Amino acid sequence: MEEQKPKGSGMEKIATFIVDKRNLFFLLYAFALIFSIVATGWVKVENDITTYLPEDTETRQGLTVMNDNFVTYGTARVMVSNVTYETAENICSDLESIDGVTSVDFDDTTDHYKSASALFSVTFDGTTTDDISVHALHTIRDMLAGYDTYIDTEVGVDTSADLQSEMSVILVLAAIVIVLVLTLTSRSYAEVPVLIMTFGAAALLNMGTNFLCGTISFISNSVTVILQLALAIDYAIILCHRFSDEHETKDTREACIAALSKAIPEISSSSLTTISGLGALAFMHFGIGRDMATVLIKAILFSLLSVFTLMPGLLMLFSKKIDATRHKNLIPKITFLGKFDVATRFIVPPIFAVVVVVTAVLANKCPYCYSYTDLVTAKQSESQIAHQKIKNTFGVNNMVAVIVPTGDYDSERQLLKDLDSCAEVKSTQGLANIDAMDGYKLADALTPRQMSELAGLDYEVAEALYAAYAVDQNEYGKLISGLGDYKVPLFDMFMFLQREMKDGNITLDGDIQETLDDLFEQLNKAQLQLQSDKYSRLVVYLNLPEESDETMDFLDTMHALIAKYYSSDTYIVGNSTNVKDLSSSFGEDNMLISVLSALFVVIILLFTFKSAGLPVLLIVVIQGSIWINFSVPTIQHESLYFLGYLIVNSIQMGANIDYAIVISSHYSDLKKEMRPKEAIIAALNEAFPTIFTSGTILAVAGALIGVMTTNPVIAAIGTCLGRGTVISIVLVMAVLPQILLIGDTIVERTSFDVKVPVDLSRVNRTASGNMRVSGRVRGYVNGVIDAEIKGTLNGTLNASVTSGTTIEPTKPDFYLPESKEQAAAEWAENYTEGEEV
């Protein structure tokens, strides 16, 4: 068919170009999708949530120092149940013989053997990702396959891959639900593949461009696709329904152009509340908010782009199939609910007000947690099950690292002694308190005579060694004053001796050489873990849980003890410090998210409805749903991971407010043509398919995420999102209508839409609604009129008027028809052709 020259408004010209150049857009999307498939492999995913803490937090600074200066070897807690102590000793020997295992801690204390269960603390020769550690762990699993074994370790665990595997299953199930829901709410079966292809393209484009963000969090990488489908499916449905409406009177091309030109501003306006709610996340001090805001807003924008530029071409391509597979409306009318809302309009709002107040108090008492180590998800991984089993049998294993400037062994020794004296400390470890031999510690300073006796060296050899050390350290005064009283820390002398032997400056007898080689290997590992050129690391095991008031108080006590010996450059690093820093940022971020998300949405609603009262009514309902949602953990006495609240709070405000907007918009329009009671019933019937579609998909997606992922962070987000969406749907369908009915006066009085007289000085102009007529009018009137020349009109006016005639909007204070049909019937009964009004 020959393309027609675009005409009409600017939006119509844009729509015409998109529709007529659809093959070009198909080609561009083909290239973009191929690129996106390749680019998904370029995306870097960050699994450590502490990376997103502000740079000035102790955790962030401490982790940076620790990762730059120390090596952390992989460890595992291996519990074998239902074994005797003798059997456990044999198992310990077997574990120590495994290649790749450095050491195994086990003894007859209750820390390692209790209730016929043995706990082995295994340290590997490599880090958690090194092949030697992974291979050793596999060997341990094979060796203990015949026992009742539980292994809690991070060695060889790829949380990102595990999460992606889980999300793939969830996505398949969500896709099945989406297809079923779209089939129910569509007008034609062939609309479903159009919708799926549109959002499949949008999702792939978003995933393929995530590499532009640098590194994204595992949260954004895992849940964005499902949230994108759930949050933006309405956009495609709006365009699809517009096309169906226009296609009833226009051919395929004209219908598609008309639908697109009308849908672009409507869909763009609808997306603003969702984008604004997500945008509030970007203002969080905790960087995870900015990460999620960037990826999710980008996802919404790609969804808009796909709907505006790809979907029109698909509608043209599938138009014949769409026409051939039309079916009756499968979504029932909910008139009964509308009548219930009308009947309870003076009962439900007061009850809702009480519920909101109560749940607001409960939500503010929500038991938030900031460490997910001990959180129990609906679905548990093997590692999580093992962690819970070991914790329930042997208690917590809370380790923190104290990082201090290196070089002062006396301060380290005294600090470790002070910490060991605290009841909250189980044990400590540092170079200053590690046993060497003959009662000496590694950091103890020895004279040449003591060294010769300890190492079995001739005194002359020991003295020569000390002289060489003094020269190396530029301590020439020691050579002059005599080396007899010269003391050097044992660890430093051994490390110096190792360097000299490597350089060939010192050679020893074979037996001594072999003994020292074994010693040097152990000392090198100790140095990699506990000492660098700038810092020393002290390991402290606490008798406290990772997260509790007592733990937070003891961290302050630790800082006070450290301050006795060091004035600066000290850090405490561990899960407990993570908790402290995360909880500190949560208070500000909580308030920021709540205020900004509501503020952004209110501003958009003000310009959408041109009323100050209506946005407030809508926000009250959605904020009420948020408070009800987060009062549930308080009632259930279950801890809620704080990110679940922050993220779902903004999504629920930005996305679920659309449900309230849909009902309010329909109600506002229908009020002009029928009584408020009938208008709210009709509005619910018209809005229900849209709310059912979007709400069901979002609720099911959240529920699937909540029950099918083992990651506690993702599970918390999914559970809260699914529950919050269901609550929002219930409130907008069973509470908002009553509030709108009794709040009409507030809405009208707070309206700032300027009601100026409209001059209809040209012929064949139309006006509708409640009007005060002033002047001469000749033409057709559809409505109830109460005037001769001047008066009021409620209905539709299509007439030619004389110069100076005005029509002014007004509020009706007279009889209104029950419905459009009744108004039309009364007009037909009373109208006489040529009658002047």
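**Entry 1. Salt bridges**

I took a salt bridge to be a side-chain nitrogen of Lys or Arg within 4 Å of a carboxyl oxygen of Asp or Glu. The model I examined is a predicted one. Searching the whole structure, I found 15 salt bridges.

I looked up Arg187 and found it paired with Asp245, with 2.6 Å between the closest N and O atoms. I placed Arg187 in the loop between helix H6 (159-185) and helix H7 (191-208), and Asp245 in helix H8 (residues 218-247); the pair links distant parts of the chain, 58 residues apart. I noted Arg187 as partly exposed, at a relative accessible area of 28%. I recorded Asp245 as partly exposed also, at 39% relative accessibility.

I next turned to Asp418 and Lys564, whose side chains form a salt bridge at 3.4 Å, N to O. Asp418 belongs to helix H16 (residues 409-420) and Lys564 to the loop between helix H22 (549-563) and strand S14 (571-574), so this salt bridge ties together parts 146 residues apart in sequence. I asked whether each partner is buried or exposed. Asp418 has 13% relative accessibility and therefore counts as buried, whereas Lys564, at 54%, counts as exposed. The cut-offs behind this reading are under 20% for buried and over 50% for exposed.

For Lys671 and Asp744 I read a salt bridge of 3.0 Å, N to O. Lys671 is in the loop between helix H25 (642-670) and helix H26 (676-708), while Asp744 is in helix H29 (residues 744-749); the two are 73 residues apart. Asp744 is buried, its relative accessible area being 14%.

I also noted a network of salt bridges that links Asp20, Arg253 and Glu254.

**Entry 2. Aromatic rings**

I counted 21 aromatic pairs. For Tyr370 and Phe642 I read a centre-to-centre distance of 5.2 Å and an angle of 40 degrees between the planes, so I entered the pair as tilted. Tyr370 sits in the loop between strand S8 (368-369) and helix H15 (382-394), and Phe642 in helix H25, 272 residues apart. Both Tyr370 and Phe642 are buried.

For Tyr466 and Tyr486 the centres lie 6.0 Å apart and the planes meet at 85 degrees, so I entered this pair as edge-to-face. Tyr466 is part of helix H18 (residues 459-472), and Tyr486 lies in the loop between helix H19 (476-481) and strand S12 (488-489), with their positions 20 residues apart in the chain. Tyr466 is buried at 0% relative accessibility, and Tyr486 is buried at 3%.

Which residues do ring pairs link into a cluster? I listed Phe286, Tyr368, Tyr370, Tyr372, Phe586, Phe630, Tyr641, Phe642 and Tyr645.

I checked Arg449 as well: its charged end sits over the ring of Tyr459, 3.9 Å from the ring centre.

**Entry 3. Confidence**

I recorded a mean pLDDT of 83 for the chain, with 87% of its residues at 70 or more. Where is confidence lowest and where highest in the chain? The lowest mean, 42, falls in strand S16 (residues 758-759), and the highest, 95, in helix H2 (residues 22-39).

I marked residues 811-816, where pLDDT stays under 50 and the model has 10 contacts beyond four places in sequence. I marked residues 831-837 also, where the pLDDT is below 50 and the model shows 11 contacts beyond near neighbours in sequence.

Terms used. Residues numbered from 1 in each chain as written. Predicted model: local features only at pLDDT ≥ 70, side-chain atom pairs only at ≥ 80, totals over all residues. Heavy atoms only, no water. Helix = DSSP H or I, 4+ residues; strand = E, 2+ residues; numbered from the N terminus. Buried < 20%, exposed > 50% of the residue type's maximum accessible area, 1.4 Å probe, protein only. pLDDT = per-residue confidence, 0-100. Contact = heavy atoms within 4.5 Å. Phe/Tyr/Trp six-rings, centres within 6.5 Å; stacked < 30°, edge-to-face > 60°. Lys NZ or Arg CZ within 6 Å of the ring centre and 35° of its normal.
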